[in-house]
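Biologist: I'm new to this one, so could you walk me through its salt bridges?
Modeller: Gladly! Let's put the model up and take your questions in turn.

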Amino acid sequence: MEQNTDNGMSAASAVDSKQENGNGLKIATAIACVVAVCGIGFGVYGMIDAGSAKDLVFSKNAKISDLNSEVTNLNARIKDLEDQINKQQDYSDQDNDESEQTSVNSSDLTAEVQDGVFVLKNSNGMVVTQDTTKNIAEIISCDSGTNSSNSPLKCTAKTIDGKSVWFIYDFEGGELKSGYSSVDY
C-alpha cells in the first residue's frame, strides 16, 4: 500500500508541475503580447511623429522661401531708392554747377515751385538758386527786385500745410534766405 501512496503523490506532483509549466507559458505569452502591443504603439507613434516632422520641415521651408522673397523685394526697393538718391544728387550737382556758372546780370528772375522746392531761374531757364528747407505748395506773390538797383527779390509762398513763407534773394551776395511769417493760409 505504500507503493500506491507514492504513486498518488508522484501523480499529484506531476499534475502540479504541469500546472506550473502551463502558468509559466501563459505568463510568457501575456508578456510577449504586452511587448508586441507596446512595439506596435511605438511604431504608430513613430510614423505619426515622422509625418508631423515632415509637415514642420515643409512649413519651415515655405517660411524661409517667403522670407527670401521678401528680402529680394526689399533689396530691389533699396536699389530703387539708391537710384533715386543718385539721380537727385546728380540733379543737385547740375543745379550747383549751373548756379556757379550762371551770373545773375539781369533782373529777369522767375520764381517757380518744382516738386515742393522754391526755385529761382534766370531768363535762360537755368536754376540760379533753390531752397529745399520748406515744402512749398504755391507762390503767392513776388516783387520785382533788380540787380542794378541792389534791391532784393522778395516772394511770399504757401507751404503744403498752409503756413506762410517768405523768400528774399540778395543779388549782390547771391544768397537766398527764407523764413516763416505770422500769416497762415
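Modeller: To begin, E112 has a relative accessible area of 28%, making it partly exposed. Keep in mind that this is a predicted model.

Biologist: Thanks! Which residue does E112 meet in a salt bridge?
Modeller: Look at the side chain of E112, where an N to O distance of 3.4 Å marks the salt bridge. The partner has a relative accessibility of 15%, and buried means under 20%, so this partner counts as buried. The residue you want is K121.

Biologist: Which strands hold E138 and K158?
Modeller: These two form a salt bridge, with their closest N and O atoms 3.9 Å apart. They are 20 residues apart in sequence, so the pair ties together separate parts of the chain: E138 lies in strand 4 (residues 136-142), and K158 in strand 5 (residues 153-159). The names are therefore strand 4 for E138 and strand 5 for K158.

Biologist: Is K158 buried or partly exposed?
Modeller: Buried needs a value under 20% and exposed one over 50%. K158 has a relative accessible area of 24%, so it falls in between. That makes K158 partly exposed.

Biologist: How many residues apart are K79 and D83?
Modeller: K79 and D83 form a salt bridge too, the closest N and O atoms being 3.3 Å apart. Both lie in helix 1 (residues 2-101), and their spacing is about one turn of the helix. In sequence, that is 4 residues.

Biologist: And how many salt bridges does the structure hold?
Modeller: We have met K79 with D83, K121 with E112, and E138 with K158. The total for the structure is 3.

Conventions. Residues numbered from 1 in each chain as written. Predicted model: local features only at pLDDT ≥ 70, side-chain atom pairs only at ≥ 80, totals over all residues. Heavy atoms only, no water. Salt bridge = Lys/Arg side-chain N within 4 Å of Asp/Glu carboxyl O. Helix = DSSP H or I, 4+ residues; strand = E, 2+ residues; numbered from the N terminus. Buried < 20%, exposed > 50% of the residue type's maximum accessible area, 1.4 Å probe, protein only.
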